Amino acid sequence: NELIGKPLLQVLPEVREAVESLLAAVLTTGKASSKLEYLVPICRFGKIDNAYVNAVFEPLKEADGTVTGIIVVATEVTSLVNAKYKLAESEKHFKHMVMQSPVAMAIFRGREFIIEIANVEMKNIWRKNEEEVLGKKLLDAFPELKDQKFAALLDEVFVNGTTYRENEAAAWLHWNEGKKKFYLDYEYAPLFEAGNKVSGVMVTLNDVTEKVETRKKLEVEEDRLRLATEGTKLATWDLNLQTGEIVHSPRLAEIFGHPS
């Protein structure tokens with residue numbers, strides 16, 4: 001009773017701005033029109049709701065071709081559109097988190113590992129600007145990785161949907177200054193989309209090159225000292241001033257007549 005036999009824009013004045021020009025065009029031209037996820041404000045239960053619809057406006061023609069009306073077929077997709085917007089906002093927040101992270105992070109999409117985003121820390125390791133990496137396949141941007149294990153590991157993460165971590169892994173990158181060796185703590189984590197399908201991989205890196213190289217230098221120095229003391233039959237010992245404990249070489253015990 002509220003609708004039938006009454007002008008559309010009289011009973012639903014709130015839709016005038018959204019549909020009046022569309023309806024007029026269909027009546028005038030006799031050509032159908034369609035809209036996907038079209039925003040139409042509708043008053044429901046005394047409150048204006050923003051509704052999204054997939055709609056088709058089809059001219060209703062008489063036998064002589066005269067347009068006498070319009071058939072409208074509409075499907076409301078508000079919940080779907082709102083969910084999509086929420087997902088987009090969530091992805092926006094996620095990307096912002098990646099970009100602001102103090103740890104080197106990047107996101108690769110698809111099985112060809114297209115570089116979608118990389119934060120400043122990651123680009124500092126890569127020594128490349130955005131034009132050289134963003135939107136590029138990983139192995140096109142870094143062909144030197146083809147002969148290393150990382151591409152295969154990324155593919156395994158993408159296919160199996162499992163996270164992979166490794167500490168102090170040796171890696172090589174080609175900088176403008178030449179080939180550079182790194183030691184990295186890293187993680188490859190799969191990114192899932194609807195249906196639990198893997199859509200990409202998030203990479204987190206921590207450059208521990210300085211720590212590893214320092215430790216290796218100390219190990220070399222310790223080996224040299226050990227060889228020197230063994231070769232000259234010198235004895236060495238350290239005293240822990242807090243506990244009084246003595247840590248000594250076997251030669252010290254031998255000098256004082258004790259079992260080593």
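**Pocket, cavity and overall form**

In this predicted model, strand β3 gives the most residues to the lining of the largest pocket, namely four.

Me: Which other elements give two or more residues to the lining of the largest pocket, and how much space lies in the pocket?
Reply: About 360 Å³ of space lies in the largest pocket. Besides β3 (67-76), the elements giving two or more lining residues are α2 (16-29), β1 (33-44) and β2 (47-61).

Me: Which residues are closest to the centre of that pocket?
Reply: The lining has 15 residues. Leu 8, Val 19, Phe 57, Val 72 and Ala 74 are the closest to the centre.

Me: What makes the lining of the largest pocket nonpolar, polar or charged?
Reply: Count by class. There are 15 nonpolar residues, no polar and no charged ones. Leu, Val, Phe and Ala all count as nonpolar, so the residues closest to the centre fit that count.

Me: What makes the other space a cavity rather than a pocket?
Reply: The test is escape. In a cavity a 1.4 Å probe fits but cannot get out, whereas a pocket is an open set. A search of the whole structure finds one cavity of 30 Å³ or more. About 230 Å³ of space lies in the largest cavity.

Me: Where does the lining of the largest cavity come from?
Reply: Two or more residues each come from α4 (120-126), α6 (138-141), α7 (150-160), β6 (164-175), β7 (178-193) and β8 (197-207). The lining has 17 residues, and those nearest the centre are Trp 126, Leu 145, Phe 150, Tyr 188 and Leu 205.

Me: How do you know what class of residue lines the largest cavity?
Reply: The lining divides into 17 nonpolar, no polar and no charged residues. Trp and Tyr count as nonpolar here, so Trp 126 and Tyr 188 fall in that class.

Me: Why is Ala 141 called buried?
Reply: Its relative accessible area is 9%. Buried means under 20%, so Ala 141 qualifies. Ala 141 lies in helix α6.

Me: How do you know which residues Ala 141 is in contact with?
Reply: Contact needs heavy atoms within 4.5 Å. Leaving aside neighbours within four places in sequence, Ala 141 is in contact with Ile 115, Lys 128, Glu 132, Val 133 and Lys 136. Ile 115 is 26 residues away from Ala 141 in sequence, with 9.0 Å between their C-alpha atoms.

Me: Why is Leu 239 called partly exposed?
Reply: The relative accessible area of Leu 239 is 42%. Partly exposed covers the range between the 20% and 50% limits, so Leu 239 belongs there. Leu 239 lies in strand β9 (residues 237-239). Leaving aside neighbours within four places, its contacts are Gly 244, Glu 245 and Ile 246.

Me: What makes the chain more spread out than a compact globule?
Reply: The radius of gyration is 35 Å. The globule rule gives 18 Å for 260 residues, and 35 Å is well over that, so the chain is more spread out than a compact globule. The C-alpha trace spans about 120 × 40 × 30 Å along its principal axes. Leu 239 and Glu 14 are 88 Å apart, C-alpha to C-alpha.

Me: How many helices and strands does the chain have, and what share of its residues is buried?
Reply: The chain has nine helices and 10 strands. Buried residues make up 30% of its 260 residues. The accessible surface comes to about 17700 Å², with 54% belonging to carbon and sulfur atoms.

Note on methods: Residues are numbered from 1 along each chain as its sequence is written. This is a predicted model: local features need pLDDT of at least 70, side-chain atom pairs count only at pLDDT 80 or more; totals for chains, interfaces and linings use all residues. Side-chain values use heavy atoms; hydrogens and water are left out. On a 1 Å grid over the protein atoms alone, a cavity is a set of points where a 1.4 Å probe fits but cannot get out, and a pocket is an open set with protein on both sides within 12 Å along at least five of seven lines; lining residues have an atom within 4 Å of a point. Grid points are joined across faces, edges and corners, and a volume is the space filled by probe spheres set on the points. Buried means under 20% relative accessible area, exposed over 50%, partly exposed in between (1.4 Å probe, protein chains only). The radius of gyration is taken over C-alpha atoms; the globule rule is 2.2 Å times the number of residues to the power 0.38. Accessible areas come from the Shrake-Rupley method with a 1.4 Å probe; for residues, only the protein chains shown count as cover.
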